[in-house]
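Here's a friendly first tour for anyone opening this entry for the first time. Have a look at the picture, then read on.

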There are 2 protein chains.
Amino acid sequence: MATTIKDIARVAGVSPSTVSRILSNKQTLYSGYATETITRVKQIAEDLNYRKNRSAIELVTKTSQVLGIILSATPTNFAQEIISGIQKEASLHHMDTIIAYAGEDDDALQLQALKTISERSVKGILLLGITLSPTNEHFLRSADIPYIFLSVAQSEPDLHFIASNDFDIGYQATQYLINHGHHDIAFVGANLESCVGHLRLDGYRQALKEHHITYHDDYVIGGNWLYVDGVHAVNILQTQVNLTAILAGSDLVAAGVMNRARQLNRVIPSDLSVMGIDGTLLCDVIYPQLTSIKQSFYEMGVQGTKQIIEKTHIESAYTSISIKDGASVTTH
Amino acid sequence: MATTIKDIARVAGVSPSTVSRILSNKQTLYSGYATETITRVKQIAEDLNYRKNRSAIELVTKTSQVLGIILSATPTNFAQEIISGIQKEASLHHMDTIIAYAGEDDDALQLQALKTISERSVKGILLLGITLSPTNEHFLRSADIPYIFLSVAQSEPDLHFIASNDFDIGYQATQYLINHGHHDIAFVGANLESCVGHLRLDGYRQALKEHHITYHDDYVIGGNWLYVDGVHAVNILQTQVNLTAILAGSDLVAAGVMNRARQLNRVIPSDLSVMGIDGTLLCDVIYPQLTSIKQSFYEMGVQGTKQIIEKTHIESAYTSISIKDGASVTTH
DNA sequence: CACTTTTATGCAAACGTTTGCAATAGTTAT
DNA sequence: ATAACTATTGCAAACGTTTGCATAAAAGTG
């Protein structure tokens with residue numbers, strides 16, 4: 001029913017190949033087509049409401065202008081930033097993106113997403129905030145499509161990634177608090193079963209160690225990066241009278257900490273300093289503004305996309321982190 | 001290079017059609033294939049690492065399992081909720097989604113996105129928070145693909161949408177504030193050039209009118225739904241000594257209002273009541289918790305997707321709104 | 001004028017599937 | 001034993017493009 005290249009050819013009185021070449025601006029061996037033909041064909045194409053059939057094109061050319069993105073089911077605010085970066089870079093190269101959602105830790109859903117993406121002839125796959133199960137890891141490798149992980153570092157050396165150095169994040173945040181005179185610092189809300197959480201905790205411990213502060217088990221309370229985890233942590237930490245600062249696993253956790261602390265009549269930052277991680281927009285929106293370790297999410301998207309598109313050797317890299325100053329930390 | 005159905009056929013010693021039918025679980029006229037054949041073919045497919053070629057399938061079947069989503073460039077927090085709804089419903093029907101970003105008010109980008117989507121044989125198009133220019137509107141219609149607008153109502157009767165009733169939002173929010181004893185109520189941060197902003201303003205005015213409160217031009221300050229618009233509005237409204245409540249165009253605006261008001265030593269809600277619109281997660285995260293008009297974003301996504309997939313007659317609908325209670329409004 | 005070169009276009013194969021229609025070989029019923 | 005099924009499989013066309021090669025006409029060149 002829809003107009004095809006042949007329809008145009010018939011109306012214009014030329015061959016399909018002519019139409020094809022004109023419509024995709026391809027010059028033939030010597031020069032090109034007669035300008036008259038070109039304008040006529042283009043005009044007819046427009047009149048007939050012609051739309052390219054991407055499936056046909058992809059079938060014959062065996063390539064596509066599509067990037068696959070695989071996301072963990074819950075698209076957090078920072079995933080959004082990464083996607084923005086991807087989009088920006090992709091559109092620069094006239095590429096489309098297709099997005100598939102994998103569950104948080106659901107192998108079957110992960111595989112589903114991988115299949116979905118790999119069945120379309122995508123130019124590459126960007127995996128956001130995901131760690132694959134061994135089986136799925138194997139599936140990804142055998143698909144023979146360039147891929148890169150974003151935002152979470154991978155341990156296998158051939159699984160390249162662009163992410164922040166999470167050890168550094170924990171280390172620098174803690175260092176910052178110590179430099180502001182804090183000594184009793186809690187670390188809360190991170191998912192300690194995850195690689196990311198583990199690394200950040202390691203960084204935290206290292207910073208303490210370098211300043212000869214004894215690590216205190218009671219000061220570490222796990223969670224899952226959520227608002228409620230911050231609330232929960234404060235509830236538990238109520239009894240810790242010496243505590244002067246809390247390092248939250250994410251900005252969201254920090255918000256929970258701040259609100260719960262306020263309910264308990266603690267003033268921030270004079271009674272309690274709070275520091276977040278991520279440096280999302282949330283920092284500016286809550287009160288007092290949150291001091292946080294800012295990650296370069298947008299940059300991760302851009303860099304990852306670049307690596308895929310430019311087909312240079314794909315390799316792992318850490319993006320920079322920086323301190324985003326707010327008003328939630330004070331000198332003690 | 002990649003394995004095709006023919007490769008499998010050769011190895012298995014059967015015809016490509018057999019492989020095709022087995023791999024897509026299609027039964028033939030009478031019963032099916034021999035179980036032995038079925039298991040053998042499936043095994044070989046797996047061994048050979050076979051991946052379907054979607055382009056080929058879409059070409060021959062002339063349909064696809066793909067939904068197109070067109071987004072305004074800045075994916076706000078609520079767009080995320082809508083997308084979640086779409087994803088949920090889509091995956092229920094084993095459909096994929098492809099996302100294209102159109103600029104905020106950039107006709108060329110809009111067209112680009114429309115082309116991108118319509119060239120792939122998508123089952124339908126979901127347009128999020130977008131109003132098309134007349135030309136692009138025409139392009140969309142002529143593509144002959146089912147479409148539906150989400151989250152922003154359209155005036156043309158054949159452009160079906162699922163959205164909140166924005167007049168109602170303005171009306172009910174204002175009503176709520178009036179019922180809480182407020183009389184001098186500002187309306188700030190909405191984009192008054194947009195249809196949505198206009199409707200909400202109308203609702204606001206209607207509520208005032210019904211309670212015989214004179215509409216006050218100085219109480220309305222436009223913006224673009226952003227945090228800074230809230231800050232800006234409070235700066236201007238400083239001089240209005242009678243003001244006891246502010247209705248913000250969005251939750252983000254409300255956050256700006258609250259923070260700026262606090263800087264000016266106003267206590268919320270005792271000195272100033274603030275109400276938001278959208279009912280996003282932000283409401284729970286900021287302090288005090290924000291009272292807001294909650295929109296059913298997730299539901300919009302689900303409903304829109306359902307309409308497209310189930311191919312029933314597509315029609316416009318309003319989703320429900322409700323009051324999300326916080327602590328930012330007090331009785332005056 | 002007889003060539004060579006240039007310009008403008010067409011032919012036909014190929015991409016990897018799906019699917020309507022046949023076809024073959026057993027099996028039953030008459 | 002013949003007809004009538006039934007179960008299992010294969011043939012070949014079609015989907016809408018792209019693209020290497022061929023061709024025909026026109027324009028230069030000596």
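What follows is a short walk through the sheet, one of its strands, the domains and the place where the chains meet.

## The sheet

First things first: this is a predicted model. A good place to start is an open sheet of 12 strands with mixed pairing. Reading across, the order is β11(A)-β5(A)-β4(A)-β3(A)-β1(A)-β2(A)-β2(B)-β1(B)-β3(B)-β4(B)-β5(B)-β11(B), so β2(A) sits beside β2(B) in that order. At the edges you'll find β11 (317-319) of chain A and β11 (317-319) of chain B, each pairing on one side only. On average, neighbouring strands are turned by 25 degrees against each other, with direction ignored.

Helix α13 (residues 297-310) of chain B packs on this sheet. In chain B, helix α13 touches β1 (66-72), β3 (124-128), β4 (147-150), β5 (161-164) and β11, and its direction makes about 170 degrees with that of β4(B).

## A closer look at β1

Let's zoom in on chain B. Is β1(B) mostly covered or mostly open? Mostly covered: 7 of its 7 residues are buried. That goes for both faces, with B:Val66, B:Gly68, B:Ile70 and B:Ser72 buried on one side and B:Leu67, B:Ile69 and B:Leu71 buried on the other.

β1(B) has partners too. It runs parallel to strand β2 (residues 96-102) of chain B, joined by 7 bridges, and B:Ser72 stands opposite B:Ala102 there. With β3(B), β1(B) pairs in the parallel sense over 5 bridges, and B:Ile70 faces B:Leu127 across that pairing.

Over in chain A, strand β1 (residues 66-72) and strand β3 (residues 124-128) pair in the parallel sense over 5 bridges. Here A:Gly68 stands opposite A:Ile125.

## Domains of chain A

Chain A splits into domain 1 (5-52), domain 2 (61-164 + 298-321) and domain 3 (166-295). As for spacing, the C-alpha centres of domain 1 and domain 3 of chain A lie 64 Å apart.

## Where the chains meet

How many residues does the contact take from each chain? It takes 39 from chain A and 39 from chain B. The area buried between chain A and chain B is about 3,600 Å², and carbon and sulfur atoms give 50% of it. A:Arg51, A:Glu119 and A:Val285 supply 19% of the area that chain A buries against chain B, more than any other three residues.

There are charged pairs as well: 6 salt bridges are found across the interface of chain A and chain B. In a salt bridge between A:Glu58 and B:Arg120, the side chains meet at 3.0 Å, N to O.

Notes:
Residues numbered from 1 in each chain as written. Chains lettered and ligands numbered in written order. Predicted model: local features only at pLDDT ≥ 70, side-chain atom pairs only at ≥ 80, totals over all residues. Heavy atoms only, no water. Pairing = 2+ DSSP bridges. Helix = DSSP H or I, 4+ residues; strand = E, 2+ residues; numbered from the N terminus. Axes fitted to C-alpha atoms, helices over the stretch in contact; angles between N-to-C directions. Contact = heavy atoms within 4.5 Å. Domains from an automatic or database assignment. Buried < 20%, exposed > 50% of the residue type's maximum accessible area, 1.4 Å probe, protein only. Buried area = accessible area lost by both parts, 1.4 Å probe. Salt bridge = Lys/Arg side-chain N within 4 Å of Asp/Glu carboxyl O.
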